[in-house]
Amino acid sequence: MTRWADLDALRPADVQVVTSDGKSIAAHSFVLGTASPVLERMIERARRGWNAECTIRVLGVSSDAVFAFLRFLYASRVTPEDEEVVTVHGPQLLALSHAYRIAWLKRAAEASVTARLTPEHAVDMLKLARLCDAPRLYLRCARLAAKDFAAVERSDGWRFARRHDAALELEILQLLEDADQRRERWTRERASREAYRQLGEAMDSLEHIFSDDGCTCADADIDAPPCRGLRLLMRHYATCGARKSAPGGGCTRCKRMVQLFRLHASVCDRAAPHDDGYPCRVPLCSQFKGKMRAEKADKTWRLLVKKVTRARAMSRLAAGREREVVPEVVAASWARYSSGGARLR
């Protein structure tokens, strides 16, 4: 039952709502004025005397959409049973609720249109969202156009925009360019996170190799590839003739190994061998620490150390979370973040 279901029994209809096709719908000025300040002003201007019947025009949409619009004004809400009506007249209800400033109906119509948006109607709904100030619908149209632009190009809305609306075409192309730039930036960020994660694993592997128990990972053990790769790299470093013949040089692999030793010294928090406490047994750790105390590292190196330290902390936190029972929603969110496939939708 609607909010004003028995209003006809209390007072007769005093407003006639005329649609674009000439149909007239009887309504009550009290209901329309309470629901919309715009309709209230229209009724005040159209009324010529006290209790006199007046006529207002609601144009630009079909009579069925106007009837559904008035029905929702009488109900003052959108019930689950009315979802089918909102689906059928969603774009028209969005335009009417925006024009007559009915916020709750505008939100319901925008959500319905957004949920059922297809590439064939993305251009038309993008223009409607811009005219009706519907940010959720606008964002959904832009993302859908960027995701499936081939289907958007085949739509009538895109063909019309190319022929008659250069501003809309330019806007859509700018949205596509922004989406490509965001995708490239996300790709670079994912690659950077992966590089920092691998460096963090290399630091953990160095500590594992030179621990008191030693590294027990077999060369064929696929569960510990960092240890195997680092041992092969250190074996080459120890026997490389180029490093021994060139005091300040060496091959590329040797220089890479030296950089790993330096990075380990920068993130290592263990005591030096001559200090009290448990010393670090990784080669060249104390030498690099002494050199860092004497010479300040450059800004780029400090930033690298900071990001590797953060990546190690995140990896350890993730490893701890995997051993705990976490909700499925949290696990799915973490999986999307780790894979770098998260998108704002």
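In which helix is Ala68 found? In this predicted model, Ala68 is found in helix H4, and this residue offers a convenient place to begin. Ala68 counts as buried because its relative accessibility is 5%, and buried means under 20% relative accessible area. Leaving aside residues up to four places away in sequence, Ala68 touches Val85, His89 and Leu93. The C-alpha atoms of Ala68 and Gln92 are separated by 9.9 Å, although the two residues stand 24 residues apart along the chain.

Helix H4, which covers residues 63-75, lies across strands S1 and S2 and runs at about 5 degrees to S2, and this leads us from the helix to the sheet. The sheet is an open one, formed by three strands in the order S2-S1-S3, with mixed pairing. Its edge strands are S2 (24-27) and S3 (54-57), each of which pairs on one side only. From one strand to the next, the twist averages 30 degrees.

The mixed character of the sheet can be followed from strand to strand. Strand S1, made of residues 15-18, pairs with S2 in the antiparallel sense over four bridges, whereas S1 and S3 run parallel and are joined by four bridges. Gln16 is a useful residue to locate here, for it stands opposite Ala26 in S2 and also opposite Thr55 in S3. Helix H3, residues 37-46, packs on the sheet as well, where it touches S1 and S3, and its direction makes about 135 degrees with that of S3.

Which side chains of S3 point to one face and are buried? They are Cys54 and Ile56, while Thr55 and Arg57 point to the other face and are not buried, so that the side chains alternate along the strand.

We can now turn to two helices whose dimensions can be checked with simple arithmetic. Helix H7 has 13 residues, 103-115, and at 1.5 Å a residue these should span 18 Å; the end C-alpha atoms are 18 Å apart, which agrees. The buried residues of H7 are Leu105, Lys106, Ala109, Glu110, Ser112, Val113 and Thr114. What covers them includes H4, the helix with which we began, together with helix H5 (83-88), H6, helix H8 (122-132) and helix H9 (135-147). Helix H15, with 16 residues from 252 to 267, should by the rule of 1.5 Å a residue span 22 Å, and its end C-alpha atoms are 23 Å apart, which agrees. Within H15 the buried residues are Cys254, Met257, Leu260, Phe261, Leu263, His264, Ala265 and Val267.

Between helices there are loops, and two loop residues deserve a careful look at their backbone angles. Most residues other than glycine have a negative phi. Asp133, in the loop between H8 and H9, is not a glycine and yet has a positive phi, near 55 degrees. Asp133 is exposed, because its relative accessible area is 55% and the cut-off for exposed is over 50%. Leu284, in the loop between H15 and helix H16 (285-294), likewise has a positive phi, of about 65 degrees, although it is not a glycine. With a relative accessible area of 29%, Leu284 is partly exposed.

Cysteines raise another question: how many disulfides does the structure hold? It holds zero disulfides. For Cys280, the closest cysteine sulfur is that of Cys285, and the two sulfurs are 3.7 Å apart, which is too far for a bond, because a disulfide requires the sulfur atoms to be within 2.5 Å. Cys280 is buried, with a relative accessible area of 11%, and Cys141, at 1% relative accessibility, also counts as buried.

Finally, a reader should consider how confident the prediction is. The chain averages a pLDDT of 81, and 78% of the residues score at least 70. Among the elements of the chain, helix H6 (residues 90-99) has the highest mean pLDDT, 95, and helix H1 (residues 7-10) the lowest, 47. Over residues 4-10 the pLDDT is below 50, and this stretch has eight contacts in the model beyond near neighbours in sequence. Residues 341-345 also stay under 50, and for them the model has seven contacts beyond four places in sequence. Where pLDDT is low, the predicted coordinates should not be read in detail.

How values were computed:
Residues are numbered from 1 along each chain as its sequence is written. This is a predicted model: local features need pLDDT of at least 70, side-chain atom pairs count only at pLDDT 80 or more; totals for chains, interfaces and linings use all residues. Side-chain values use heavy atoms; hydrogens and water are left out. Two strands pair if DSSP finds at least two bridges between them. Axes are lines fitted to C-alpha atoms, for helices over the stretch in contact, and angles run from 0 to 180 degrees between N-to-C directions. Contact means heavy atoms within 4.5 Å. Buried means under 20% relative accessible area, exposed over 50%, partly exposed in between (1.4 Å probe, protein chains only). pLDDT is the predictor's confidence in each residue, from 0 to 100. The expected span of a helix is 1.5 Å times one less than its number of residues.
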